[in-house]
Amino acid sequence: MDLDGVASEAKQALESLIEASTTRLTAEVRAGSARRQRLVVGGGFAATTTHVTSGIANDQSLLLADAWEPWGAMHDWPMGQPAAELVSEAFVRQPESFSPANNPFCSAAAFSAALQVTQAHHAVPLCRAAVSAVSHAGGDFAISFPGGTAIAPQLDIANGRGPFARLSDSKLSPELDAELRRDGRLAYGDGRELDTFAPRGDVLVIGGGATAAWFVERGARSGAKVVWLAERRDPGLWEDALAKRLQRLEELCRSPPRSLDVGRLRRWIERLSAFRAADVPRNRAAFRANNVTRTIGSVREIKSLGTRIEVAWDNPSGAQTFDHIVIAIGQMPTAETGPEGLAHPVRGRRLLCRNTLTGSVRCLSSAELGDDLSEERIIGVANTTVTFRVLGAAAAYPWRLVRMDHLERANVQTHLELKQLRCAPKHSRGIAGSIYQASIDIALANKTPLQAALGAARLNHANLSPE
Ligand SMILES: Cc1cc2nc3c(=O)[nH]c(=O)nc-3n(C[C@H](O)[C@H](O)[C@H](O)COP(=O)(O)OP(=O)(O)OC[C@H]3O[C@@H](n4cnc5c(N)ncnc54)[C@H](O)[C@@H]3O)c2cc1C
């Protein structure tokens, strides 16, 4: 059977599995006894990796997800890295085996195929359920979803980085938001809409990150005239990149000698900072397209002008009218159903850390972190009394989940990690939030018992070294 056949067979098998697990869960909930050893919120790469590497039997675990991984809906759209970089400990077949050898970037379909083949192979107990709340009592976690509750002494939160952020009601009224969504004139920066996004006319894409860049590229490709609007950022955040570019500029000015236009330089630096998060090799097309204008500004108000949409922003450019707008301004980990929202009742007081030299995973408080933070990479949050972890993309935002008074220095480290993640360089193997790194961390974490007394618990990780 060819690889397309393998992928589509896995997809069908998975659909039957999901149907069966969801039916079983519904029946158990009705009978009042949906109880397992471990529950996982999420159905994407991190949720699958923790299930597959945990060694917990299928009938003792449950993955609850409101939708599956986001990549399947993007079809042939290129991801941010080559397939060879998207290796996971959990996959039974790596994305590379589904990706044509000459593709510089892995297609979303190839990554999705690797994930679905893995889920089908392991008969992952994946259920359809949008988790709305988590509570903790008597040593058990209870997770709620429409129509029921499931209970377990262990919980992994692997639900990504939360719902996509919206503009405040004063900038875009809920009524107009609903109307524009209904007409297909407004899209949110959810990759699930990317594949069908083929606008004409004038398009505004709001947001300075990688997801915004993908919508810009789509709009430019379908012949639209795109304005790409990003908020001004503190250039200080990008000091490394700026230092390099300034050094280059100095070299250019030296030979042959030229005068420096300070105003132009300032505008250039502002632009560089505002779009820095999207400026990776994968997104060259969005930066180079002739029909894309990049602008810096913060949206003030969006109004309807008949068939056109008027958008005003706080920049000398003022207001313009558009046929379509895309809002891709990040995700909200703090929302009720984001990782922080769901973890709220059980805020971790200790961290799950991996030692970068030895690879060991330990459950630590900030006091135990030691002086050299570069040796400990924070990979999640761990509760002291029961097993509770935040994994995958959800863990790329852990500092609000841990007690702030404990973690001044640790925050700095985490902030640096996030900064790297946003930049998503060509090779992101060393970055905690990347697929490659997160899968190693999750596999290691699954070998570490997290009871309170086991702060220094060790594991044998010899076959899971990062490089
Ligand atoms: C534009 C873009 C490009 C990227 N490119 C790369 C790349 O090239 N390489 C790389 O390493 N990383 C990349 N990433 C990061 C990448 O998304 C993550 O590394 C990976 O997909 C995270 O997997 P995850 O399972 O943690 O989260 P997700 O894949 O986001 O999965 C979250 C899961 O949780 C479910 N869920 C969410 N909320 C709930 C709820 N309340 N109830 C039930 N289920 C819920 C979702 O339906 C989904 O199943 C990219 C991200 C973006 C946005």
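**Close-up 1. His75, an exposed loop residue with positive phi.** In this predicted model, His75 counts as exposed because 12 C-beta neighbours lie inside 10 Å, and the exposed class takes 12 or fewer. His75 is found in the loop between β2 and α3. Its phi is near 50°, a positive value in a residue other than glycine. Most residues other than glycine have a negative phi.

**Close-up 2. Ala123, a second non-glycine residue with positive phi.** The phi of Ala123 is near 45°. Ala123 sits in the loop between α3 and β3 (126-128). Around Ala123, 14 other C-beta atoms fall within 10 Å, so the residue is partly exposed. The buried class would need 20 or more.

**Close-up 3. The shell around the ligand.** The ligand is surrounded by 33 residues. Closest are Gly42, Gly44, Gly80, Gly160 and Gly392. By residue class, the shell divides into 18 nonpolar, 13 polar and 2 charged. Glycine is counted here as polar. Three elements each supply at least two shell residues: α2 (45-54), β2 (61-65) and α5 (210-221). The ligand lies between domain 1 (3-163 + 334-464) and domain 2 (174-244 + 270-327), because both domains give residues to its shell.

**Close-up 4. The largest nonpolar core.** This core holds 112 residues. Leu64, Val205, Ile206 and Val216 touch the most other members. Helix α3 (residues 108-121) gives the most to the core, with 9 residues. Domain 1 (3-163 + 334-464) and domain 2 (174-244 + 270-327) both contribute residues, so the core lies between the two domains. In soluble globular proteins, nonpolar side chains tend to be buried together.

**Close-up 5. Strands β9 and β10, a parallel pair.** Strand β9 (residues 202-206) is joined to β10 by 5 bridges. The two strands run parallel. One of the bridge pairs links Asp202 to Lys225 in β10. Strand β10 (residues 225-230) is largely enclosed by the rest of the structure, because 5 of its 6 residues are buried.

**Close-up 6. Ile329, a buried loop residue.** Ile329 lies in the loop between β15 (324-327) and α9 (339-343). It has 22 C-beta neighbours inside 10 Å and therefore counts as buried. The threshold for that class is 20 or more. Ile329 and Ala230 are 99 residues apart in sequence. Their C-alpha atoms are 8.7 Å apart in space.

**Close-up 7. The open sheet β4-β5-β6.** Three strands make up this sheet, in the order β4-β5-β6, with antiparallel pairing. Strands β4 (133-137) and β6 (148-152) are the edge strands, and each pairs on one side only. From one strand to the next, the twist averages 25°. Strand β5 (residues 140-145) is joined to β6 by 5 bridges, and these two strands run antiparallel. Ala142 has Ile151 as its bridge partner in β6.

**Close-up 8. The open sheet β12-β13-β14.** This sheet also has 3 strands, ordered β12-β13-β14, and its pairing is antiparallel. Strands β12 (299-305) and β14 (319-322) stand at the edges. Each has a single partner strand, so one side of each is left without a neighbour in the sheet. Neighbouring strands are turned by 20° against each other on average, direction ignored. Strand β13 (residues 308-313) is joined to β14 by 4 bridges. Val311 has Gln320 as its bridge partner in β14.

**Close-up 9. Lys303 in strand β12.** Lys303 lies in β12, one of the two edge strands of the sheet in the previous legend. Lys303 is partly exposed because 14 other C-beta atoms lie within 10 Å. The C-alpha atoms of Lys303 and Lys171 are separated by 8.7 Å. Along the chain, Lys303 and Lys171 are 132 residues apart.

How values were computed: Residues numbered from 1 in each chain as written. Predicted model: local features only at pLDDT ≥ 70, side-chain atom pairs only at ≥ 80, totals over all residues. Pairing = 2+ DSSP bridges. Axes fitted to C-alpha atoms, helices over the stretch in contact; angles between N-to-C directions. Near = placed C-beta within 6 Å. Domains from an automatic or database assignment. Core = buried A, V, L, I, M, F, W, Y, C linked by C-beta atoms within 7 Å.
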